[in-house]
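Got your viewer open? Load the model, switch to cartoon, and keep the selection box handy for a short walk through it.

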Amino acid sequence: CFFVRHTTLIVMSSDRHLRLIFLGPPGAGKGTQAAWLRRDYGVCHLSTGDMLRAAVAEGGDTGKQLKAIMAEGKLVSDEIIIDLIKDNLYKPECESGFILDGFPRTVGQAKKLDDMLKKDKTKLDSAIEFKIPDSVVVARLSGRLVHKASGRTYHRDFYPPKVAGKDDETGESLIQRDDDKEETVRKRLGVYHTETTPVVDYYRRQSLLSTIDANKEGDEVYSTIQNIVKSRTGAK
């Protein structure tokens with residue numbers, strides 16, 4: 001189920017580390033798939049969306065600037081994103097590998113990621129593109145509701161709370177994030193197609209790209225991803 005959380009490229013080298021990237025629009029299910037891979041392979045999941053929201057929650061000038069950018073559905077600057085990646089990529093929990101979710105979004109970011117990994121004498125092994133119709137993404141995201149304190153996620157149609165608008169465990173009110181409102185979702189999709197589609201071509205030219213149908217049940221999508229990991233890396 002998409003609303004549990006997932007974008008991604010998967011990589012595994014001879015040192016048995018997975019290094020992956022998920023490529024796809026918001027709401028494609030990348031977060032959920034990344035969580036399952038983290039559970040089964042012990043890799044860290046670096047979601048730029050989660051990292052940006054954490055920065056917003058911390059407040060300060062940067063947080064306020066990010067909040068305004070995200071509410072309008074615009075892309076955050078390369079400098080901010082890359083600093084976030086650098087800060088998280090070499091943490092202990094990422095020693096067994098990583099899944100990058102929502103990064104890179106531009107060819108410029110992809111090249112900078114290559115440079116970062118090259119300095120460590122390593123590289124990506126594969127990139128997975130999540131293909132899904134825009135209409136499905138809009139339906140998924142615009143119906144999403146969140147319990148702010150815990151992060152629990154619901155959906156008006158697909159995973160509704162027991163009491164409309166209320167968290168099942170606390171009874172507290174649920175909210176719709178600004179970046180999940182329909183107008184913003186459509187803007188985000190437009191930005192994604194314009195800015196990120198060239199990244200797909202970038203990884204295709206490197207023979208790293210695998211494209212999957214993300215408009216299926218989560219278990220079926222995950223089985224496809226596992227087969228890709230096995231064929232690319234020999235992982236089990």
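Are Cys44 and Cys94 buried or exposed? Select the two and have a look: Cys44 is buried, and Cys94 is buried too. Bear in mind as you click around that this is a predicted model.

**Stop 1: the disulfide**

Stay on that selection and show the side chains. Cys44 and Cys94 are joined by a disulfide, with 2.1 Å from S to S. A search of the whole structure turns up one disulfide, so there is no second one to hunt for. Put a dihedral on the S-S bond and you should get 105 degrees, a right-handed link between Cys44 and Cys94. Now colour by secondary structure: Cys44 sits in strand β2 (residues 44-47), while Cys94 is in the loop between α4 (78-89) and β3 (97-101). The two cysteines are 50 residues apart, and the pair links distant parts of the chain.

**Stop 2: the nonpolar cores**

Next, select Leu23, Ile85, Leu100, Leu113, Leu124 and Tyr203 and show them as spheres. In the largest nonpolar core, which has 32 residues, these six touch the most other members. Which elements each supply at least two residues of this core? They are β1 (18-23), β2, α2, α3, α4, β3, α5 (107-119) and α8 (197-205). Of these, α4 gives the most, with five residues.

Then clear the selection and pick Ala34, Trp36, Leu37 and Ala214. They are among the 26 residues of a second, separate core. As background, nonpolar side chains tend to be buried together in soluble globular proteins.

**Stop 3: aromatic pairs**

There are four aromatic pairs in the count; we'll visit two. Select Phe22 and Phe130 to begin. Their ring centres are 4.9 Å apart and the planes meet at 50 degrees, so this pair is tilted. Phe22 belongs to strand β1 and Phe130 to strand β4 (residues 126-131), so the pair ties together parts that are 108 residues apart in sequence. Turn on a surface: Phe22 counts as buried because its relative accessibility is 0%, and Phe130 is buried as well, at 1%.

Now jump to Tyr154 and Tyr159. This aromatic pair is stacked, with 5.8 Å centre to centre and 15 degrees between the planes. Where do the two stand with respect to the surface? Tyr154 is buried because its relative accessibility is 3%, whereas Tyr159 is partly exposed, at 41%.

**Stop 4: the largest pocket**

Select Arg53, Val56, Lys148, Ile175 and Arg177, and centre the view on them. The largest pocket holds about 590 Å³ of space, and of its 15 lining residues these five are the closest to the centre. Two elements give two or more residues to the lining: α2 (48-58) and α3 (60-71). The biggest contribution comes from α2, with four residues. What does the lining look like by class? Colour by residue type and you'll find eight charged, six nonpolar and one polar.

**Stop 5: a glycine in a loop**

Last click: Gly171, in the loop between β6 (153-155) and α7 (182-195). Gly171 is partly exposed, with a relative accessible area of 42%. Add His147 to the selection and check the distance between C-alpha atoms: Gly171 and His147 are 24 residues apart along the chain, and the separation is 9.6 Å.

Technical notes. Residues are numbered from 1 along each chain as its sequence is written. This is a predicted model: local features need pLDDT of at least 70, side-chain atom pairs count only at pLDDT 80 or more; totals for chains, interfaces and linings use all residues. Side-chain values use heavy atoms; hydrogens and water are left out. On a 1 Å grid over the protein atoms alone, a cavity is a set of points where a 1.4 Å probe fits but cannot get out, and a pocket is an open set with protein on both sides within 12 Å along at least five of seven lines; lining residues have an atom within 4 Å of a point. Grid points are joined across faces, edges and corners, and a volume is the space filled by probe spheres set on the points. Ala, Val, Leu, Ile, Met, Phe, Trp, Tyr, Cys and Pro count as nonpolar, Asp, Glu, Lys and Arg as charged, and the others, Gly among them, as polar. A disulfide is a pair of cysteine sulfur atoms within 2.5 Å. Buried means under 20% relative accessible area, exposed over 50%, partly exposed in between (1.4 Å probe, protein chains only). A nonpolar core is a set of buried Ala, Val, Leu, Ile, Met, Phe, Trp, Tyr and Cys residues joined through side-chain atoms within 4.5 Å. Rings of Phe, Tyr and Trp (its six-membered ring) pair if their centres lie within 6.5 Å; planes under 30 degrees apart count as stacked, over 60 as edge-to-face and the rest as tilted.
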